[in-house]
Amino acid sequence: MAHNGACRLCGASDFEVVQREALDLAGVGATALSYGVCLSCALLQQIDSASPEQRERHYRFFASDSGPAGNATPVGTPAPHTQRMMEMLREYLPAARSVFEIGAAAGHALYCLREAGYRVGGCDPSRLAAQQAAHVFGIEVLPAGLADALPHMAGFDALYLSHLLEHLTEPLAALKLIRGAVKRGTGLVLEVPCAVAPEDLPPGWFTFEHVSYFTEATLTRALGRAGFRVLHTRVRRGVFLYPVIAAVAIAHDAEEPSASDAERASAIAFARAVAARDAAIWAETARRLDRLEGPVVVWGAGVHSSQLLAHATGPWQDALIGFVDRDSQKWGARLGRHFIQPPKIITPDATGPSIVISSFASETQIAADLAALGVPESRIVRLYDGREIAKAA
Ligand SMILES: [Zn+2]
C-alpha cells in the first residue's frame, strides 16, 4: 500500500479503488499499481504504488519524457507550459523579480525566465541535467534533491514547480518542506495535469509516473494544508497532451479545509469514467493488433508499452518478437519476455515484421521517422490515428 496505506494528502486509509494493473516496466521489473479516490479528502491517487527503489531506477535510467533528454538546445521560445506559467506569474505575482525552480531539468524554463528579466535559480536531482543547464544555457542548477535545495530557496520572490507535484510520492510533505524554507508572502506558481473531462484524456492517463491526480479543489486544499494561500487557479482543456491546472499561491498560514460529499461523489464518478474509457480503448487496441498477420515488433519500450502488454491482451502477443527503442540506456534491458534492441535492427524491406508504434503522444512523428528509414507503409501500424476515441483526446 502507498505511504503505509495512508492518503497522500490527508492520511486517511479508506479508498474507492477504480483500477488495478500489474505492469512489467523496462529495467524496473514487475509493479502492482492501483488507483482510486480517498473517501475522506477526495484526492484521486495511486494507492498501491511502485517501491521507492523502482521509482528511483525508472527516473534515473528509463524515463523517456523527463530528466535530461540529451537534446536541450538554447531556443528562445518558451514551451507552451512555460508560457502558461509565465503568464500566471506576471499576472498574479507582478512584484516578483526572482524565481527558483524546483525540478528545473536542463534549465529551459529558467532560461526563458531569465530572458524575461527575472533573476533565476533552481535545483534538479539529476547531475546530468544540471550540467546541461550550465553548458547549454549558462544557468546554475543545483544538482540536488528537495531536502538539500531548501536552504537555497530563501532569497527568491517566487517558487516554480512545473509538472513536478504529481510525480511526488508525498506531495503534502514536500509542500510543507518548501513552505518551511521560505518567508511568508513568497509566491508559488505550479502546473499539474487536471483530473477533468475523461473524454479529453489519452489512453493510459492513470500512469506509473503520476502518483496524484489533482482537481482545482484538491490542489487548493493540498496547498492550503501546506501553508500556501491560493490566489488563482486556471484549468485549461484542449492543450497538449491532456488538461492541466495551474495555480498561483503565496506562503501564508496552514489551513485544514475538508471535502464535501458532493465532491467525493464527483471524484469517484470521474475516476470510474476514466477507468471505463481506458478499458474500452485497450480492448479496441487488442482487437486491432489481433488482426495483424505475421511477426510483430513494438516500437517504444516506455510506460505506454508496459500498459499495452498489461491491458491489450490477446493472441497478438504470441506473435511479438521484440521491442525497439531509441534510448540507448534501454538496450539490452527486458520488457516482458523480450529484450529491447536499437532501431537499426529494423530493415526497410517490403516484407518483414509489422512495426507497432507504441506511443500516443509521438505516433505521427515516429511514423514519419519510420517512413524516412524506408519502411513501407504496409508494415507501419498506428494505434490511434483515425480512431474516434483517440480523436476526442
Ligand atoms: Zn485523503
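Me: Is strand 5 largely enclosed or largely open to the outside, and why?
Reply: Largely enclosed by the rest of the structure, because five of its six residues are buried. Keep in mind that this is a predicted model.

Me: OK, predicted. What average pLDDT does the chain get?
Reply: The chain averages a pLDDT of 92, and 93% of the residues score at least 70.

Me: And where does pLDDT stay under 50?
Reply: Over residues 65–71. The model has 11 contacts for that stretch beyond four places in sequence. Where pLDDT is low, the predicted coordinates should not be read in detail.

Me: Back to strand 5. Which strand do five bridges join to it?
Reply: Strand 4, residues 98–102, and the two run parallel. One pair you can look for is Ser98, whose bridge partner in strand 5 is Arg119.

Me: What about strand 4 and strand 7, how many bridges there?
Reply: Three, and strand 4 pairs with strand 7 (residues 158–162) in the parallel sense. Phe100 has Leu159 of strand 7 as its bridge partner.

Me: So what order do the strands of that open sheet come in?
Reply: The order is 6-5-4-7-8-11-10, seven strands with mixed pairing. Strand 6 and strand 10 (228–236) are the edge strands, each pairing on one side only. From one strand to the next, the twist averages 20 degrees.

Me: Which strands does helix 7 lie across?
Reply: Helix 7, residues 216–226, lies across strand 8 (187–193), strand 10 and strand 11. The helix runs at about 160 degrees to strand 10.

Me: Switching to the core. Which residues touch the most other members of the largest nonpolar core?
Reply: Cys38, Ala158, Leu159, Tyr160 and Val189, out of 108 residues in that core. Strand 11 (residues 244–251) gives the most to this core, with seven residues.

Me: Take Val189. Which residues does it touch, leaving out those up to four places away in sequence?
Reply: Met85, Met88, Leu89, Leu93, Ala158, Tyr160, Ala246 and Val248.

Me: New topic, helix 4. Which of its residues are buried?
Reply: In helix 4, residues 127–137, the buried ones are Ala129, Ala130, Gln132, Ala133 and Phe137. They cover an arc of only 160 degrees around the axis, so they sit on the same side of helix 4.

Me: And on the other side of helix 4, are Arg127 and His135 buried or exposed?
Reply: Arg127 and His135 are exposed there.

Me: What covers the buried residues of helix 4?
Reply: The cover includes helix 3 (108–115), strand 5 (119–124) and strand 6 (141–143).

Me: Which residue follows helix 4?
Reply: Gly138, which has a positive phi near 65 degrees.

Me: Hmm, what is phi for Ala105?
Reply: Near 50 degrees, a positive value in a residue other than glycine. Most residues other than glycine have a negative phi, and most peptide bonds are trans. Ala105 lies in the loop between strand 4 and helix 3, and it counts as buried because it has 24 C-beta neighbours inside 10 Å.

Me: What about Ala197, where is that?
Reply: In the loop between strand 8 and strand 9 (212–213). Ala197 also has a positive phi, about 55 degrees, although it is not a glycine. With 17 C-beta neighbours inside 10 Å, Ala197 counts as partly exposed.

Me: You mentioned peptide bonds. Is the one from Phe240 to Leu241 cis or trans?
Reply: Cis, with omega near 5 degrees. Leu241 is in the loop between strand 10 and strand 11.

Me: Last bit, the open sheet of six strands. What is its order?
Reply: 14-15-13-12-16-17, with mixed pairing. Strand 14 (334–335) and strand 17 (380–381) stand at the edges with a single partner strand each, so one side of each has no neighbour in the sheet. Helix 10 (residues 363–372) packs on this sheet, touching strand 12 (296–299), strand 16 and strand 17.

Me: How do strand 16 and strand 17 pair, and what stands opposite Val356?
Reply: Strand 16 (residues 354–357) and strand 17 pair in the parallel sense over two bridges. Val381 in strand 17 is opposite Val356.

Me: And Ala367 in helix 10, buried or exposed?
Reply: Buried, because Ala367 has 20 other C-beta atoms within 10 Å. Ala367 touches Ile357, Ile380 and Arg382, not counting residues up to four places away in sequence.

Methods. Residues are numbered from 1 along each chain as its sequence is written. This is a predicted model: local features need pLDDT of at least 70, side-chain atom pairs count only at pLDDT 80 or more; totals for chains, interfaces and linings use all residues. pLDDT is the predictor's confidence in each residue, from 0 to 100. Two residues are in contact if their C-beta atoms, placed from the backbone, lie within 7 Å. A nonpolar core is a set of buried Ala, Val, Leu, Ile, Met, Phe, Trp, Tyr and Cys residues joined through C-beta atoms within 7 Å. A residue is buried if 20 or more other C-beta atoms lie within 10 Å of its own, exposed if 12 or fewer, and partly exposed in between; C-beta atoms are placed from the backbone. Helices (H or I, at least four residues) and strands (E, at least two) are DSSP runs, numbered from the N terminus. The arc is that of the directions from the helix axis to the C-beta atoms. Two strands pair if DSSP finds at least two bridges between them. Axes are lines fitted to C-alpha atoms, for helices over the stretch in contact, and angles run from 0 to 180 degrees between N-to-C directions.
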